[in-house]
Amino acid sequence: MCAWPDTGPTSERLTMTIEITDSPDTHRYEARVDGQLAGFAEYLRTNESGLVVFTHTEVDPEFNGQGVGSALARTGLDAARADGLRVLSVCPFITAWMARHPDYQDLAYQSRSKVED
């Protein structure tokens with residue numbers, strides 16, 4: 001489990017803690033705020049090929065703009081790095097997040113196929 005403090009722009013909001021857990025049975029990272037499911041990032045993981053595919057990320061509208069998606073992305077990508085996996089993102093959120101964070105771009109899967117017609 002990872003906990004991320006909210007660093008969102010709203011000064012009126014009290015500091016909230018976003019708890020991220022990996023739920024391998026459902027193939028997703030889950031974000032909880034005060035025990036309430038705030039969002040998730042779904043993945044497919046294949047240790048044999050050294051790849052994790054992020055397929056979908058969703059944040060409850062109540063928690064939009066509060067760092068939940070970023071906490072999910074960072075936790076999932078940090079786990080991929082720790083396990084030596086490359087990341088293939090078909091999820092637009094994870095793809096955009098990686099593009100905005102150059103320190104995670106080294107994880108991006110690059111096809112090395114040499115197939116020709």
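## Strand pairing and helix packing in a predicted model

The protein exposes about 7200 Å², of which carbon and sulfur atoms supply 51%. The model is predicted. Of its 117 residues, 36% count as buried. Contacts between residues at least 6 apart in sequence include a share of 41% that join residues at least 24 apart.

Two helices and six strands make up the secondary structure. Along the sequence these elements follow the pattern β-β-β-β-β-α-β-α.

### Strand S3 and its partners

Strand S3 spans residues 28–33, and five of its six residues are buried, so the strand is largely enclosed by the rest of the structure. In this step, buried stands for a relative accessible area under 20%.

S3 pairs with strand S2 (residues 17–23) in the antiparallel sense, over six bridges. S3 also pairs with strand S4 (residues 36–46), again in the antiparallel sense and over six bridges. Glu 30 illustrates both pairings. Towards S2, Glu 30 of S3 is the bridge partner of Thr 21; towards S4, the bridge partner of Glu 30 is Phe 40.

Both pairings are hairpins. The connection from S2 to S3 has four residues between the strands, and the connection from S3 to S4 has two. Each turn contains a residue with a positive phi: His 27 in the turn between S2 and S3, and Asp 34 in the turn between S3 and S4. The table sets out the two hairpins.

| Hairpin | Residues between strands | Turn residue with positive phi | Phi |
|---|---|---|---|
| S2 and S3 | four residues | His 27 | about 55° |
| S3 and S4 | two residues | Asp 34 | about 50° |

In a regular strand, side chains alternate between the two faces of the sheet.

### Contact between the helices

Helix H1 comprises residues 68–82 and helix H2 residues 92–100; their axes come within 10 Å and cross at roughly 80°. H1 is therefore roughly perpendicular to H2. On the H1 side, the contact is made by Gly 69, Ser 70, Ala 73, Arg 74 and Leu 77. H2 contributes Phe 93, Ile 94, Trp 97 and Met 98. By residue class, the contact of H1 with H2 divides into six nonpolar, two polar and one charged.

### Summary

In this predicted model, S3 forms antiparallel pairings with S2 and with S4, and S3 is largely enclosed, because five of its six residues are buried. The axes of H1 and H2 cross at roughly 80°, and six nonpolar residues take part in their contact.

Terms used
Residues are numbered from 1 along each chain as its sequence is written. This is a predicted model: local features need pLDDT of at least 70, side-chain atom pairs count only at pLDDT 80 or more; totals for chains, interfaces and linings use all residues. Side-chain values use heavy atoms; hydrogens and water are left out. Buried means under 20% relative accessible area, exposed over 50%, partly exposed in between (1.4 Å probe, protein chains only). Contact means heavy atoms within 4.5 Å. Accessible areas come from the Shrake-Rupley method with a 1.4 Å probe; for residues, only the protein chains shown count as cover. Two strands pair if DSSP finds at least two bridges between them. Axes are lines fitted to C-alpha atoms, for helices over the stretch in contact, and angles run from 0 to 180 degrees between N-to-C directions. Angles under 35 degrees count as roughly parallel, over 145 as roughly antiparallel, 65 to 115 as roughly perpendicular and the rest as oblique. Ala, Val, Leu, Ile, Met, Phe, Trp, Tyr, Cys and Pro count as nonpolar, Asp, Glu, Lys and Arg as charged, and the others, Gly among them, as polar.
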